[in-house]
Amino acid sequence: KLPAHVTECLQLAIEVELNRFLQSNEEEFSFPSTLTKDDRAFIHNYMKKKGLTSKSRGKSQRVLTVYKPKRNVVRKNKCMFEVTDRTKDAIYGLLNVLPVSGKEIEEVKTKRSGCSVNRSQFNVGTLTHGVSVVPPPSHGNHVRQMRGQLPIFQMRQQILERVRENQVIVIVSETGSGKTTQVPQYLLENSTEMRKSCRIVCTQPRRLAALSVADRVAFERGEQLGDTVGYQIRLESKTSPTSNLIYCTNGILVRCLMGGQYQKVFANITHVIVDEVHERDKHSDFLLISLKEALAVNPHLKVILMSATIDWQLFSQYFDNCPVINIPGRLYEVTDYYLEHVLMLTEFCKKEMSNVAKPSKEGGRSEQPAEELDGETVKLINESLEMCWTHCDDDSFQQFIYLVAGENVPVDFRHTETDMTALMIAAGRGMSEFMEILLQMGANPNVTSHHGMKAIDWARRMDHHECAALLESAHNVSSANDQVSDEYTKQLLEVYKQSSCIYEEEIDHKLLFALISKIHCDKPPGSILIFLPGYEAILRQNEMILDAVGCGLMADNVRIYMLHSNMKINDQKSVFERIPGGCRKIILSTNIAETSITIDDVVYVIDSGKVKQTTFDALCGSTSLETGWVSQACAKQRAGRAGRVTQGICFKLYSSARHAIMDKFTIPELLRVPLTEICLSAKLIAPQSAIAGFLEKALQPPAAVSVRRSVELLKTMGALDDEENITDLGIHLADLPIDAHLGKMVIFSILMKCVDPVLTIVSALSVRDPFTLPGGVRERARVYGVKEKYAEGSFSDHMILIRIFQKWLDAPARNKRRFCEENFLSSGAMQTICGVRSQILGHLRANGLIKSKGKGNIHDVNQNARHWTVVKACLVAGLYPNVAMRDTAGVPGIPGAVLRAENQEKVLPHPHSILGAKRPADSKLKVKSFPTDWVAFEEKVRVGSSSFIRCNTVVTPGTVALFAGAIHISEEESIQRIEPVDSDSDRDSDDEMVINEVIYRVDSSIQFTLLDETAYLLFHLRQKLNYLLLLLIQKPDSFHLITNGPEGQVIETITEVLLAEERQYKFPIPEGVGDRPQAVSLDFSADVNYGIHEENRSTEPIQWSLSDAMKDLKVSGSNRKLKKGQRKSPRQQLPPKEIKYYLIKATTTEQVNWAMEGYEWCFAPHIYNNLKRFLKQSPNSEVYLIFHVGSAQKFYCMGQFSLKPNGKYLVSLVHGGSTNFRTVREMVRRQKAASFNWNDGEELSQELGEIFRRLLQGPEENLTF
């Protein structure tokens, strides 16, 4: 919500300036003193949400300054801890038998580059090992006519000629042209005609796209998928050694290149097609660097870049001005309508606008007359416009913009002598950037000076073609929309912004629903595709539509589908199916439908303009998943989804002014994500080049600070040495199909003999959070209860991942889905975790880290898997430097404590963590209750000005001292003596003992003050541990730990030390952590209900009268056959004093079935209290529950609520039938019964209750009306 008097123009101007500031090298930026108090308040609030610092200074003229975050130096205070005597005895016992040798000291101290690891594992299956053959003829006569009607078909010959004549071409094709499926087929068909062998690799940004497009192409060729056409994605492959066309993800091809030698990788590949290159994900940009390098040494290789919306000049220049082919795409025209027109269409602000006089509909924009301004102001504006023309610099135009925003100067103010507006001056001087800002602030491109010149005339006169094109586009947009004057729409927008309680980054679901209802009621047939930023927004809108249908506020002839990246392939295909006539398809989707999926019957697109993107703050080392605005290119792509079968309409839930300042193209992922993985890949592809130098070759190179931080992190992990050469550990980490820090965790687990539980944790972390986000408040509270149950008091989110995976494996195959439903887990995520786990294990066996049999086999490397403390040690080793320390001092006067992490003043556990809480105050109290001061975490995330840590485990200080820090250590760096401090005070006793303390340094920010004896014992044990790790990664084939041998004694001693630490801090000792998993057949697909109805609903109401229904009414139990363990309703021995009926909302019918089988139903507290209070006051009374299942659009089952003698409650089955919403509405209308509001926990009238009783009797109960 905008504060009063803060216009959208000012808001947009502020955003433009701040984006410039963030992309510059400046450390601070000051706004002019002309800002009002409300303006400054808005900026302060905006800065807080963005995690920036702002401060206002001055008295009469306040100047607001914004500062970039600075890298903090934290954790200066030294931590102290003491080890037990048992720990000292164990280490002394080891060192007496196996003292640290000179070889161990030297090996651990010296850093060496990697040279001993086989890199052949980077080559991925048939993608690199296949052969190039002549493709067989196509058998796709059944679709030949359809293919010939696609727009791209007219360019077939030109595409083949350009490919033949050039090594690289760019194809720019509008949405719907068929480029993704047709261009590879043209190459195949041409090779068949010419009898030439070919092997084509077509990359896609997403797994779903690679799989679905490969399936479509195989269908069009009349072949089985996996023969001529195949796909290769993570965990799944369907190809043959002679496949001619393979669809894969960008990451798969990058992985192949990491094996080295471009000649070998591309020896049998003739064409590489990079599709949807405009999305600019980190792998596609990185792939372009590699392809450009490979072209020089592979003259036979052809590269084709394809996209619907692309900055083609940028890509063409990058590849030496390669030719560009532009192909028309949309079959029908699409009309765009912006927020101001949506508000008019839906009359959403009708009440608020009732007091606003509506001006005449004359077209043209309303201009504020200059006479209303005083003489000094007019003179100031004239001078500002003159400076814009003469100086033609940023400062001059910025001054005018601030006059417009801060002094209420009309943006179309005309110079009193020349009659020129600022837009005319910007056009005449070629200042296209400021033209965009002026247009988004409401400048009118149709204003004509007394010379008869418009802004576009000035641009053409001065040969500024880019400015002329921009003005022509602005003119077309304004003329395409309503004739209502722009003054009215401007007022409408301002009223909406002031009255709305929705922040910029949020979705106005009420407005969205109003628009959907308007389209459904008033517009011709056609599917509606709605773009939303995330799954939570999809769920919320889905629930609003279902509730409206259930309440009769919206016609029920709709089918709702939800699309996101984890959907099942079968569900994806159902979106393409035709639906019955008279029914409308509503598709709620993330940006996956921008490029990966095309639905032919979409006529209406609603674009929220939002997308969720991960951004990385290199200064603080934190990531944040933020909802931001899409680029103009993406907005165009979204609009292009309409108009496939008829003229389409795109409704945009953002103003035309907002659209004008959106980025033209998507910000490359390479510029906004952590670059650890990319830097490691760069070193493997170009080992002789500096990482920063290699990435400088990118289309748009990443910031130097991001590259530098990622390189430093890789050095800290031991993946790179000081000279940036890759180490043996780095090669192993790059080889594993997981992030580097997770790979390090796995390697330590092999050394510490606890592979199975660590593999489970790593697989879960590499996939995504397996827990779903239910829409209801009650269900979200239950999710925390599930996590608390599986955490078992361990102070660990990682323990939860182990337990849910074990329980999921233990569940019979037929009950796995039910287990996931009960525990709010994604079945697809659990399947994927299992698959990733198997894949990682296969990699470990292939590179010799785990042996297939004999010493070092899977059983041998799990001898310590039962010890949770050993597993936590591996977590610390992999997660480092993500280790936070508790600051018990906290904030003066506020109870609790906070955590301090590297480069961050303070952090708190994320509210979704078992260690966190919803309220910061509660979270601080929980932090204070931790058994130790140390927490290992997966990542830091920023939400506004607050920072949180996710996926956390509390660990002992001894674990941090042994397993955190660098692999290569020396005594000089690790142990520093404390110089005695002189003091004038006398000693209390001449016999006072002098305690020798030293500083034990893990790194520059983690330091312990310890007794010198303790420090040296830990240091020597750490030397032993790191030496064994180096042996493992340097010679994995020959390395193995003999339990009774020297190496086995070291691991046994470390385990004993860790166990003693765990007991000292009174951690619980969980059992069964290392239980071996059983084999599971995998089905890699998410298990999600996408709003498809569970049954065909009857449109005819049941014909009976209320008097017949009430006649001879008897309350009877159900004769429904009960399942084993299912309880019947208890018979009442005494006549009831009163009968009450309540409506209870359920998510699914399965949820109701489980309640009837004896599982507890989770009532909202106020509902449960009402039911319990009534039965306690009237013990002989009866309470019946009617279950409302919104997802199935029906009422399902009647149950009786009763209290047990022990105070607990029971919900037992009375009737097991169901009835759809429409039947109930019709029945209530016909019988003129009391209506109800369909609210959860709502008490129904006796009359309605008896209607439901009759309707919910199952057919097997022999109903007679």
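**View 1. D607 meets K652 in a parallel strand pair.** Look in β19 for the bridge partner of D607 and you land on K652. A second match-up has V605 standing opposite C650, again in β19. The strands behind this are β16 (residues 602-607) and β19 (residues 648-652), which run parallel and share 4 bridges. To count as a pair here, two strands need at least two bridges found by DSSP. Strands and helices are themselves DSSP runs, numbered from the N terminus: E and at least two residues for a strand, H or I and at least four residues for a helix. Keep in mind that this is a predicted model, where local features need pLDDT of at least 70 and side-chain atom pairs count only at pLDDT 80 or more, while totals for chains, interfaces and linings use all residues. Numbering starts from 1 along each chain as its sequence is written, and side-chain values rest on heavy atoms, with hydrogens and water left out.

**View 2. The whole parallel sheet, edge to edge.** Pull back from that pair and you get an open, parallel sheet of 6 strands, ordered β12-β19-β16-β13-β15-β14. The edges are β12 (334-337) and β14 (558-563); each has a single partner strand, so one side of each has no neighbour in the sheet. From one strand to the next, the twist averages 20 degrees. Strands of a sheet pair through backbone hydrogen bonds, whether parallel or antiparallel. Helix α14 (residues 339-346) lies across β12 and β19, and runs at about 100 degrees to β19. For angles like these, axes are lines fitted to C-alpha atoms (for helices, over the stretch in contact), and values go from 0 to 180 degrees between N-to-C directions.

**View 3. S527 and its surroundings.** S527 belongs to strand β13 (residues 527-531). Across the way, in β16, V602 stands opposite S527, and the two strands β13 and β16 pair in parallel over 5 bridges. Is S527 buried or exposed? S527 counts as buried because its relative accessibility is 4%; the cut-offs are under 20% relative accessible area for buried, over 50% for exposed, and partly exposed in between, with a 1.4 Å probe and protein chains only. Skipping residues up to four places away in sequence, S527 touches K585, I587, D601, V602, V603 and Y604, where contact means heavy atoms within 4.5 Å. The partner strand β16 is mostly covered too, with 6 of its 6 residues buried.

**View 4. Inside the largest nonpolar core.** This core has 185 residues, and the members touching the most others are F963, Y1000 and F1008. Helix α43 (residues 1012-1034) supplies the largest share, 12 residues. Domain 2 (141-327) and domain 5 (669-726) both contribute residues, so the core lies between them; the domain bounds come from an automatic or database domain assignment. A nonpolar core here is a set of buried Ala, Val, Leu, Ile, Met, Phe, Trp, Tyr and Cys residues joined through side-chain atoms within 4.5 Å. Zoom in on Y1000 and, with residues up to four places away in sequence not counted, its contacts include A961, S974, I975, F1008, L1018 and R1022. Apart from this core lies another, of 41 residues, among them L385, F397, M424 and A443.

**View 5. D419, a buried loop residue.** D419 is found in the loop between α17 (394-406) and α18 (422-428). With a relative accessible area of 13%, D419 is buried. Its contacts, leaving aside neighbours within four places in sequence, are R414, M424, T448, S449 and H450. One of these, T448, sits 29 residues from D419 along the chain, and the two C-alpha atoms are 8.8 Å apart.

**View 6. An antiparallel sheet of 3 strands.** Here the sheet is open, antiparallel and ordered β1-β3-β2. The edge strands are β1 (28-30) and β2 (53-57), each with a single partner, so one side of each is left without a neighbour in the sheet. Direction ignored, neighbouring strands are turned by 20 degrees against each other on average. β2 and strand β3 (residues 63-67) pair in the antiparallel sense over 5 bridges, with R57 standing opposite V63 in β3.
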